[in-house]
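User: Could you take a close look at the nonpolar core for me? I'd like to know which residues make it up and how the rings in there are arranged.

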Amino acid sequence: MIVKLTKLKEIEDALHPNNIEEGFETVINIEDNSFHKPTVGERFTLMGYYNWFSTSMVQEVIDENTFKTLNSIYKWEIIDIERD
């Protein structure tokens, strides 16, 4: 499973401002059984075969693929490699 995470916006009262640039994207290849959707009160962590990424604690799930952390608003999506 390939997951793409994009930082859409930094929130106004970010705990760590200017930490990650708006528009930042990371694409991580993970095992299907290790993927968990963002959950309020937990970090959203993607552990890949060769890389990983973890956000600060999730504060709100905005919609199916968008969530807010202590610092930012992110969008995640599963990439269909056959489509690309």
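Analyst: Sure. The largest nonpolar core has 12 residues: V3, L5, I28, I30, F35, F44, L46, F53, V58, F67, Y74 and W76. At least two of these come from each of β1 (2-10), β3 (43-47), β4 (52-63) and β6 (72-79). By nonpolar core I mean a set of buried Ala, Val, Leu, Ile, Met, Phe, Trp, Tyr and Cys residues joined through side-chain atoms within 4.5 Å; buried is under 20% relative accessible area, exposed over 50% and partly exposed in between, with a 1.4 Å probe and protein chains only. Strands are DSSP runs of E, at least two residues, numbered from the N terminus.

Keep in mind that this is a predicted model: local features need pLDDT of at least 70, side-chain atom pairs count only at pLDDT 80 or more, and totals for chains, interfaces and linings use all residues. Residues are numbered from 1 along each chain as its sequence is written, and side-chain values use heavy atoms, with hydrogens and water left out.

Now zoom in on F35. Leaving aside residues up to four places away in sequence, F35 touches M1, V3, I30, F44, L46 and W76 (contact is heavy atoms within 4.5 Å).

As for the rings, F35 belongs to a cluster linked by ring pairs, along with F24, F44, F53, F67, Y74 and W76. Rings of Phe, Tyr and Trp (its six-membered ring) pair if their centres lie within 6.5 Å; planes under 30 degrees apart are stacked, over 60 edge-to-face, and the rest tilted. The whole structure has six aromatic pairs. One of them, F67 with Y74, is stacked, at 5.6 Å centre to centre with 25 degrees between the planes, and both F67 and Y74 are buried.

Terms used: Helix = DSSP H or I, 4+ residues; strand = E, 2+ residues; numbered from the N terminus.
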